[in-house]
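Me: I am new to reading structures. Could you take me through one, feature by feature?

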Protein chains: 2
Amino acid sequence: MATLCKPSVILPDYVVTQDQMIELMERFYADNPNLERVVKMVRNTQIDKRHFVRPLEESIVHQGFEEQNNIYAREAKKLSKQAAQEALENAQLTTDDIDMIIVTSCTGFLMPSLTAYLVNELGLPSTTRQVPIAQLGCAAGSSAINRAHDFCLAYGNVNVLIVSVELCSLCFQPTDGHIGPMLSSALFGDGVSACVMRGLGGTGFKLEANATFGLPNTEHYIAYDVKNTGFHFRLDKEILNSIEPTTPAMKGFVNQQGENISKLDFYIFHTGGRKILNEIVKNLSIDEQLINESRASLAESGNLASVVVFDVLKRTFENNRPKHNDKGFLAAFGPGFIAEMSIGSWSEA
Amino acid sequence: MATLCKPSVILPDYVVTQDQMIELMERFYADNPNLERVVKMVRNTQIDKRHFVRPLEESIVHQGFEEQNNIYAREAKKLSKQAAQEALENAQLTTDDIDMIIVTSCTGFLMPSLTAYLVNELGLPSTTRQVPIAQLGCAAGSSAINRAHDFCLAYGNVNVLIVSVELCSLCFQPTDGHIGPMLSSALFGDGVSACVMRGLGGTGFKLEANATFGLPNTEHYIAYDVKNTGFHFRLDKEILNSIEPTTPAMKGFVNQQGENISKLDFYIFHTGGRKILNEIVKNLSIDEQLINESRASLAESGNLASVVVFDVLKRTFENNRPKHNDKGFLAAFGPGFIAEMSIGSWSEA
């Protein structure tokens, strides 16, 4: 059985509080007719702070797609290597034990991808399968978990290193003055995680089944506009209506495994934002306290895109550790619109 | 056992012959000191023609990353849907039978990716797993085959639709006047393929094992420079030395399956170019005639990046069809530098 061991999560050095962000927005968007409305929305995000790879004043200057991507490459390489080494230690494995590396990242573009860099830099076996995922946005972390699970099911005694790198501050587009982009610039934070899935042994979230659900004809909910200045994040307000129609698929999947989604012992949810979490609690009839770690992740680091599920899992290890054999559900949502989900149990090896 | 059924391959409408290309280069790069040398190299490529999504005169005008990517989106959507429908027919399956869709493409960037578009447009089940691969370049087709194989090994009776979209002409960068980019603009062509891997049944290449080999510290062999004008292809001449050090890994993998790489019945090789194919024949001690279909693919459409292995497989179905139980080897090479390979046998269901 495949077990997700304790993740490592690195939040970069530069802290931006909500107050600092609002002060900056009031200066930066002084003449923008949407300012007042957006500031009100930002106050409601329940995000206390975020972490950026550069100081806030530098982060708001767009240096062109090439230079933004160069900064991405430099920071992504530094932070991902550090995170990966810590994740290997957490899993009590060495580099020689790794059979596959998956890297998820939608906030920069590299070819060769970080998978090749990390194979070389960490000294992973030359036979390591490389799976870079760039286009699944916030769902990519959960998707990586599911593909790693499939790989473990196929081969048994194999181990997968999953590295997620999201430097969202490098996708800030100063010229985007609409409400959506303005708000998202106050929602997303920078973070890097790494996590090992062990095919045999290990302590953590032991996967039993995984599934994908795509909500038909909702490609416009979450999207990038690709421009000469790079990736421009576009969020449709309809996204707030995404959880209700996705609920039957989540319930059905859990039922197929002989469980009731409202009555599990722990939950690892992606934190799309405060309202998305509210929708989850309401539609899945979950005890609010059981999503504390998702709320805390959002408050302390903003939405970290594909990193979130690993941050919530790490917090679950540290603050709210389930008992052996407790049942849990993991899900993230992203562009498509898709939900990537898995069910399993807690395992104290 | 997982079987790759007959692929569909679509080559776009606009044909560019080698003579047309050379005539254009002599005009376009009239003052470039590398011109004479590059023209000589182009004459040696053994590429007779390629296919582009736009007329040649339009293809040499760069309209900015945003507009190039818009053209990519439009053409990719049109051609990939058509290819996918044909591949489903070839595999004698319907959309309801598909459990996973993998899309490989490194010549444009979309989020949501083409996986979401195709799930909606084809009417694939909402539970279809989506795996977009953007960063494995020419190796991505073979990588997709290997990940599809893993998925079939994990679940048995499942089917995977693999769609590969490479519109290389949209990555032409008129300002790149170095030898590498000039040559590559004469090497790569546009093409789209689709192929179904059936977990049970099906006629074609039945996979038995797959593997990856990464040549250490060779990330500079094949790379994109990401600039404000998009992806700039960079090829190091050291790439010509890549096959020899990769040979022990390929031989070893085939040996592990109880076979001799020099004595198999058929081969599906990526066509990096004439010299790479020569290196393969020499290092693996293969009968030159057994790579005829790779040579023909290169001559008739140029290097189609991740599409190539599917084009060679299709040609193998049509022109050089193996006998039931014949043993074969499939491999592609790409940025990393990595080789993605598989071994299997021909199956007439």
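Reply: We go from the whole chain to single residues. Keep in mind that this is a predicted model.

Me: Let me start with the overall fold. How many helices and strands does chain A have?

Reply: Count the secondary structure elements. Chain A has eleven helices and 14 strands. Next, look at the radius of gyration. For chain A it is 19 Å, and the globule rule gives 20 Å for 349 residues, so chain A is as compact as a globular protein of that length. A box along the principal axes adds the outline. The C-alpha atoms of chain A fill roughly 60 × 45 × 35 Å.

Me: What share of the residues in chain A is buried?

Reply: Buried means under 20% relative accessible area. By that cut-off, 65% of the 349 residues in chain A are buried. Now the surface. Chain A exposes about 12,000 Å². Carbon and sulfur atoms supply 46% of that area.

Me: How do I read contacts along the sequence? What percentage join residues at least 24 apart?

Reply: Set aside the close neighbours in sequence. Take contacts in chain A between residues at least 6 apart. Of these, 79% join residues at least 24 apart.

Me: And charges? How many positive and negative side chains does chain A have?

Reply: Count each set, then compare their centres. Chain A has 30 positive and 40 negative side chains. The centres of the two sets lie 3 Å apart.

Me: There is a chain B too. What rotation superposes chain B on chain A?

Reply: Start with the general idea. Two copies of a chain are related by a rotation about an axis and a shift along it. Here the rotation is 180°, the shift along the axis is 0.0 Å, and the RMSD is 0.0 Å. That is the relation of a two-fold axis. In chain B, the C-alpha nearest the axis belongs to Ala154(B), 2.0 Å from it.

Me: Through which surface do the copies meet?

Reply: Compare the interface residues. Of those in chain B, 100% are also interface residues in chain A, so the copies meet through the same surface.

Me: Now the backbone. Which residues does a cis peptide bond join in chain A?

Reply: Look at omega. A cis peptide bond joins Met111(A) and Pro112(A), with omega about 0°. Pro112(A) sits in the loop between β5 (100–104) and α5 (114–122). Chain B offers another case. A cis peptide bond joins Gly336(B) and Phe337(B), with omega about -10°. Phe337(B) is in the loop between β13 (327–334) and β14 (338–347).

Me: What about phi? Where is Asn217(A)?

Reply: Check the sign of phi, and check for glycine. Asn217(A) is not a glycine, yet its phi is positive, about 55°. Asn217(A) lies in the loop between β9 (204–214) and β10 (222–227) of chain A. Its relative accessibility is 56%, so Asn217(A) counts as exposed. In chain B, Asn325(B) also has a positive phi, about 75°. Asn325(B) lies in the loop between α11 (308–319) and β13. At 48% relative accessibility, Asn325(B) counts as partly exposed.

Me: One last residue. Is Ser297(A) buried or exposed?

Reply: Read its accessibility. The value is 0%, so Ser297(A) counts as buried. Ser297(A) belongs to helix α10 (residues 292–301) of chain A. Then look at its partners. Beyond four places in sequence, Ser297(A) touches Gly302(A), Val308(A), Asp311(A), Val312(A) and Arg315(A). Take Val312(A). Ser297(A) and Val312(A) are 15 residues apart in sequence, and their C-alpha atoms are 6.4 Å apart in space.

Technical notes: Residues are numbered from 1 along each chain as its sequence is written. Chains are lettered from A and ligands numbered from 1 in the order in which they are written. This is a predicted model: local features need pLDDT of at least 70, side-chain atom pairs count only at pLDDT 80 or more; totals for chains, interfaces and linings use all residues. Side-chain values use heavy atoms; hydrogens and water are left out. Helices (H or I, at least four residues) and strands (E, at least two) are DSSP runs, numbered from the N terminus. The radius of gyration is taken over C-alpha atoms; the globule rule is 2.2 Å times the number of residues to the power 0.38. Buried means under 20% relative accessible area, exposed over 50%, partly exposed in between (1.4 Å probe, protein chains only). Contact means heavy atoms within 4.5 Å. Accessible areas come from the Shrake-Rupley method with a 1.4 Å probe; for residues, only the protein chains shown count as cover. Lys and Arg count as positive and Asp and Glu as negative; His and the chain ends are not counted. The place of a charge is taken as NZ of Lys, CZ of Arg, CG of Asp or CD of Glu. Copies are superposed by least squares on the C-alpha atoms of residues with pLDDT of at least 70 in both.
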